[in-house]
Amino acid sequence: MTMKTDILNRLKYSLGKDAENASTYDWRIALSLVLRDQMVETWFRSTKETYAASPKRVYYLSMEFLIGRLIEDMISNLRMEEKVKATLVELGQDYDTIVHDEPDAALGNGGLGRLAACFMDSLATLGIPAFGYGIRYEHGLFEQSFAQGQQVEKPETWLTQRHAWEFERPESQYRIGFGGHVDHHEGKAYWHPGEVVMATAYDTPVVGWNGDWGNTLRLWSAQPAKEFDLESFNRGDYLAAGRSEALARTISRVLYPDDTTESGKELRLKQEYFFTAASIMDLLRRYLKDHDDIRALPDYVAIQLNDTHPAIAGPELVRILVDEHDIPMDEAIPLARKCLAYTNHTLLPEALERWSEHLMGRILPRHLEIIRAIEHAHQTEFPGSPRILENGDVRMGELAFIMAHKVNGVSALHTDLVKETVFADLHRIHPTRIINQTNGITPRRWLYGCNPSLRHLITDTIGEGWVTDLEQLTALKSKRDDAAFIEAFTASKRENKANLSNWTLQTMGVSLDPDAMFDVQIKRIHEYKRQLMNLLETVALWNDMRDNPNADWTPRVKIFGGKAAPGYFVAKDIIRLINDVAAVINADEVTGDKLKIVYPPNYNVTMAERLIPAADLSEQISTAGKEASGTGNMKFALNGALTIGTLDGANVEIREHVGSENFFLFGLTAQEVMERRTHHGYARAAIEASPRLQRVLGQIAEGRFAPHDPSRYHGLVGMLYDHDYFLVTCDFDSYFDTQRRADTAYRNPANWAAMALVNTASMGWFSSDRTIKGYARDIWGAESVTKAKLGKTA
Ligand code: Z57
C-alpha cells in the first residue's frame, strides 16, 4: 500500500472523515497514526531483541520530559521526510502547516526536562534498552502571554486534542498507597495506606535514528481506585471513600511551574511518590517475569534519578525488598544502592528539596521509618557524617546521595563545585562516588531537524555520518579559509534570519532587519541568569547611540524569550521591564532599525527551534558558579552562533572546544564571585565606578520607561544597589565592553562567519550520544543491543 492510501484509510477509519471534510487536525492525526504504525515495527523488534539478549535495562526517572512536538522527530528518524512531503503534495496538504499543528508536549520547565528528552533520543539511537518514566500531566507548563507588558499565565491544554503517539496500557496498572499507618508484627512491617490511587501507564515509542531501535517513554496517569472506595464505603468510612477519587483527580493534573526553586507543597510530594512507586513496581514486575533471584537485580537494572525529585525511589525499593521479599534491612540498603544513581543539577540552595518529617510521616509513614533506618546504618558506618534528617526535615539531596552508588554533576565546573560545596562532607567519606557527566544535546533535533539549510550544507560537504557521530563535524574546520564555503554558510544563516523575520512579522507584526546582529537570550527568567544585565546593557547602548547618532553603529536585534514561575515576583518585574523598555526603544526614531528589542511570548521548544538557527550571538551570562551546565549554550554554538558568556557551567568546556578566540568571555570567575560577596557594599561600589551603569539605573528609577507609573521599578533598582546577590553591577562594565568587541567583530562578516563555522565544527563532543555513552560506561554498566555502537568516541 502507498502512504497516500494509508493516510486516506486512517482519515476514514480512525477519524471518520473523508478528504473533502478533513481539517488540518484530521490530516495531522491521520499522518501521525501512519507514522506510528511504522514505529511499532521497530519497537516490537527491539522488544524481542531485548528479551532475547536479557541485557541490563536503563530506567530514567524524571518528573519532566520536555519533548515538544514529536512529528518531525518521527519523520526524520524514520527517514521518511521526502516521502511524507511528496505524499502531502499529492493530497493537496501543506507540510509545514500540518507539522506545526501539533501542540508542544510541554511536560517540563526547562533544561532538566529537555535534557531528559535528549537522553531518550540518544538512548534509542545508541540501541540501549531503556525506559523513561514520568508523569502524564494533563496540563503541561502554563501558556504565557503579556498584558501591558506583564506576564499572564493560562493553563496549557495539550491533551484536549488526541495525543497521536501514545498507547494506553490499562493492563499496566498499579495501586499506589498514601498515608495510613504501619503495624509491626514479629519483626515485620505492614503498611496500611489510608488512600489508594491507581497509576495507569501510557506508552510513547521513542525511535532512534534510522528506525534501528525503539525504546519507551512510559508516563503515569492517576485514576481513582474504585474498589478501594467501595471497601471504605462498606466499612462506613465515607470520607475515605471520596478522598481517593479527589486525590486521583489532582495528582497527575498539572506540572509544577518552578524551575530551580522548590515549592514544598504536599501535592508535589505525592506526585513524586506516585510516579516513582509506579515505576519501581513496574520495573520489578518486568524483572521478576524472567528472573527469580531478586538479589541479582543490580545486574539487570540501572535506575537513574534525574535530580532528587524521584529520590523516594531509594526508600521505596528498600521497602519492597524488606517488606515484600523478606530481605534483611542491612542487605536491602546496599542492594538498592547498587541499582541507583543520582544526577545533581543545581547548587542553588532554594532548589534543594527538603520535606518536613511531619509531612513525610503523614504521607509515607513506612518510608519515613526506612529513611530512619538508612540514616542509622549510614551513621553507624560513618559516625558524624552529614545527616539525612536535620532540623525536622528530610533532606532529599543527602538521601539521594547516600542511596546512590554514583552521583554525577552535569559539567566539569559544576561537578567540582558539588565536591567542594553541597556534598563536601559526603564526598570526603565517599571519595569515588561523585563523577562528572557533562550534558549534551541531540544533534537530530538541534541541528538536523531545526536547521535544514545548515543540515544540507554540512551533508553536501562531509556526508551524513555526523548525524550519529557528531565529532565528524571537525572536518568542517578546514573550510574556514574556503571563501565559497563561508559564503554558503553565511547564506544559510541569512536564510534562517529571514525566516525568523517573517515569523515575527506574522505573529507580532514586527519585521527584523536580517543584516542586524541577532542577539538572543532564551531560557527561564531567573535572577542568576541575569536577563536584567542584558537589558541594562541594551539601555546603555541605546544611550550611546542617541548621544552619537551619526556614528557607524552595528545594528542589533535583542531577542528575549522565557517564562517566569508564577510566584517569582522579581522575575516577573524583569519581564515587565523588558517589555516597557522595548516599547520605548522600538518607538525611537533616532535609533530606528539600529536597535530593536523583541520578546515573543510563550517561549517553548518549538520557538527555540525557530530562534536558535537564526541567532548570531548567544547570551550565556549567568553569575559564575550558578548555572550547573546550560544546554541552550550548546544548541546555539552548534548552529553557528558565537557565545558571549561567563566562565560558568558548560560554557567553560564549550570555550575550550571552540577556542578562546571564538568566544566572547567576560566577567568574574566562580572563585572571584565568592570572594566579591565578602566585600561590604560591593554593588554600590561597582555602580559608583560606572557612569554608564549609573545613568541607566537613574533612567529606570526615575520612570523613563514607565512614565505613567514612575516608581514602578524602584524596588528592582533598589535591590541592585543594596543586595545584588547575582553581581549584575560588578560584571556590567566588563559585559558592556565585551558586547562592543562583538559589535566590532560583526562588522567583518567573513571573519565572523569563519568564527561561527569553527563553533559549529567544534561542537561534536556536546552530542548527548557522547553523554549517554559516558553514563552507560561509568554509571550503568549498560550496553548497546544493536551493533554495539558504544565502542567509538571517548
Ligand atoms: C533545571 O532545569 C535545572 C536544574 C534544576 O535543579 C532544576 Br529543578 C531544573 C537545569 C540547570 O539549571 C541547567 O544549568 C542544566 O543545564 C539543566 O538543569 C540540565 O542539567
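**Stop 1: around the ligand**

Start by selecting the ligand and the residues around it. There are 19 of these, and Gly 111, Leu 112, His 345, Thr 346 and Ser 629 come nearest. Here, a residue is near a molecule if its C-beta atom, placed from the backbone, lies within 6 Å of it. What you have open is a predicted model, where local features need pLDDT of at least 70, side-chain atom pairs count only at pLDDT 80 or more, and totals for chains, interfaces and linings use all residues. Residues are numbered from 1 along each chain as its sequence is written.

Try colouring the shell by class: you should find 5 nonpolar, 11 polar and 3 charged residues. In this scheme Ala, Val, Leu, Ile, Met, Phe, Trp, Tyr, Cys and Pro count as nonpolar, Asp, Glu, Lys and Arg as charged, and the others, Gly among them, as polar.

Why does the ligand lie between domain 2 and domain 3? Both domains give residues to the shell around the ligand, so it lies between them.

**Stop 2: the domains**

Now colour the chain by domain. Domain 1 is 1-51 + 70-103, domain 2 is 54-69 + 104-142 + 159-439 + 774-780, and domain 3 is 443-507 + 517-761. These bounds come from an automatic or database domain assignment.

Keep domain 1 and domain 2 in view: their C-alpha centres lie 34 Å apart. The contact between them takes 20 residues from domain 1 and 17 residues from domain 2; two residues are in contact if their C-beta atoms, placed from the backbone, lie within 7 Å. On the domain 1 side, select helix 2 (24-53) and helix 3 (71-77), the elements that give two or more residues to it. Helix 2 gives the most, with 11 residues. By class, this side of domain 1 has 11 nonpolar, 5 polar and 4 charged residues. Helices (H or I, at least four residues) and strands (E, at least two) are DSSP runs, numbered from the N terminus.

**Stop 3: Lys 635**

Next, select Lys 635 in helix 24 (residues 632-638). An unreviewed UniProt entry places the feature "modified residue: N6-(pyridoxal phosphate)lysine" at Lys 635. UniProt positions are given in the numbering used here, feature names are shortened, and annotations may be inferred rather than shown by experiment.

Is Lys 635 buried or exposed? Lys 635 is buried, because 30 other C-beta atoms lie within 10 Å. A residue is buried if 20 or more other C-beta atoms lie within 10 Å of its own, exposed if 12 or fewer, and partly exposed in between, with C-beta atoms placed from the backbone. Leaving aside neighbours within four places in sequence, Lys 635 is in contact with Ile 441, Trp 446 and Ile 612.

**Stop 4: Ala 540**

Jump to Ala 540, in helix 21 (residues 531-547). With 21 C-beta neighbours inside 10 Å, Ala 540 counts as buried too. Select Arg 695 as well: Ala 540 and Arg 695 are 155 residues apart in sequence, yet 8.0 Å apart in space, C-alpha to C-alpha. Beyond its neighbours within four places in sequence, Ala 540 is in contact with Arg 692, Val 696 and Phe 736.

**Stop 5: strand 22**

Show strand 22 (residues 617-620) with its side chains. Leu 617 and Glu 619 point one way, Ser 618 and Gln 620 the other way, and all are buried. In a regular strand the side chains alternate between the two faces of the sheet.

Which strands pair with strand 22 in the parallel sense? Strand 19 (residues 517-522) does so over 2 bridges, and strand 23 (residues 642-645) over 4 bridges. Two strands pair if DSSP finds at least two bridges between them. To see the partners, pick Val 520, which stands opposite Ser 618, and then Glu 619, whose bridge partner in strand 23 is Ile 644.

**Stop 6: strand 11**

Finish at strand 11 (residues 214-224). Here 9 of the 11 residues are buried, so strand 11 is largely enclosed by the rest of the structure. Strand 4 (residues 130-135) pairs with strand 11 in the parallel sense over 5 bridges, and Phe 131 has Thr 216 as its bridge partner. Strand 10 (residues 195-207) pairs with strand 11 in the antiparallel sense over 11 bridges; look for Asp 203 and its bridge partner Arg 218. The hairpin of strand 10 and strand 11 has 6 residues between the strands, and in it Asn 210 takes a positive phi near 70°.
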